[in-house]
Amino acid sequence: MAIQYESLDETVRACMLQELEADISNSRLYISPRLTETGAKIWPEILREAIGKRNDAWLAATLQSMRLLHTQEQRRKPKGGFTTVNVPYNAADTLAEGEFNRFYARGLCVKVIATGGSQVEVYRGKDVRDPRPESQAMIGRRLPAQKLLEDLRNSPGVEPALGLPPGPNSGLTVRQVKE
C-alpha cells in the first residue's frame, strides 16, 4: 500500500523532478547497495517515472517485477566477520517508499517556500502495524520548510538530522500548512 501524499499535485511533482535532476547532475543520487547492477543503472529512470506520473507502490512493484534487487547481502556478525543473509522481503517497499517520500518532501518544501510559506506539517500517510513512539511523537509537528529541504538534500541515503522520515517504514510524511 502506497503512502497517501495529501499535498502531491503537478506543481509538487515538477519540484520533485527538479530535485531529482539536481541530484543526478551533482552525482548525489542515492543508489542503494541492494540494487543489482542493472537496478543501479536504471534506478534514475524508474525513479523519474514514479515521480513524474506514478507513485511509490508502482516503484516498489517495478523493483520486484524486474528483479532489480539482490536476494542476499553480507551482514556483519556481532563478534566480527560477515555472514550472508536474505534481503528482507519488504526491501523493495522500503526503498521505494523511502526515496519517493524524500523527493516528495523536498518537492513540497520547494513549493511551500516558492509560494511564501515557511512550514510543513508531519502526518501519518500510511497505517503501520506497530508505530514507533518516536514516530508517534512527530505527528502534528510543524517543521521549517527551508531547514527540512536542506537536511534532506544533504543527507541522501541516511537518516536526516530533523528525523523526517524517522526511519524506514514509518508511514510518516509531510503536508502543506495553511499559514
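Helix α3 passes helix α4 in a right-handed crossing. This briefing on a predicted model treats that helix pair and then the salt bridges, of which a search of the whole structure finds 14. Three of the bridges are described individually, followed by a network of shared partners.

**Packing of α3 and α4**

- The axes of α3 (residues 56–65) and α4 (residues 91–114) come within 8 Å and cross at roughly 140°.
- The crossing angle makes α3 oblique to α4, because only angles over 145 degrees count as roughly antiparallel.
- On the α3 side, the contact is made by D56, L59, A60, L63 and Q64.
- On the α4 side, A92, D93, L95, A96, E97 and F100 take part.
- Sorted by class, the residues of this contact comprise seven nonpolar, one polar and three charged.

**Salt bridge R48–E21**

- The side chains of R48 and E21 form a salt bridge with an N to O distance of 2.6 Å.
- R48 belongs to helix α2 (residues 37–53) and E21 to helix α1 (residues 10–25), so this bridge ties together parts that are 27 residues apart in sequence.
- R48 counts as partly exposed, with a relative accessibility of 32%, and E21 also counts as partly exposed, at 34%.

**Salt bridge R106–D23**

- A salt bridge joins the side chains of R106 and D23, at 2.8 Å from N to O.
- R106 is in helix α4 and D23 in helix α1, so distant parts of the chain, 83 residues apart, are linked by the pair.
- R106 is buried at a relative accessible area of 5%, and D23 is likewise buried, at 7%.

**Salt bridge E73–R34**

- The side chains of E73 and R34 meet in a salt bridge, with 2.9 Å between N and O.
- E73 lies in strand β1 (residues 72–76), while R34 lies in the loop between α1 and α2; the pair therefore ties together parts that are 39 residues apart in sequence.
- E73 has a relative accessibility of 19% and counts as buried, because the class extends to values under 20%.
- R34, at 25% relative accessibility, counts as partly exposed.

**Shared partners**

- E19, D23, R106 and R153 are joined into one network by salt bridges that share partners.
- Two members of this network, D23 and R106, are the residues whose side chains meet at 2.8 Å, N to O.

Definitions and conventions
Residues numbered from 1 in each chain as written. Predicted model: local features only at pLDDT ≥ 70, side-chain atom pairs only at ≥ 80, totals over all residues. Heavy atoms only, no water. Axes fitted to C-alpha atoms, helices over the stretch in contact; angles between N-to-C directions. Helix = DSSP H or I, 4+ residues; strand = E, 2+ residues; numbered from the N terminus. Parallel < 35°, antiparallel > 145°, perpendicular 65-115°, else oblique. Left-handed = near helix turned anticlockwise from the far one by under 90°. Contact = heavy atoms within 4.5 Å. Nonpolar A, V, L, I, M, F, W, Y, C, P; charged D, E, K, R; others polar. Salt bridge = Lys/Arg side-chain N within 4 Å of Asp/Glu carboxyl O. Buried < 20%, exposed > 50% of the residue type's maximum accessible area, 1.4 Å probe, protein only.
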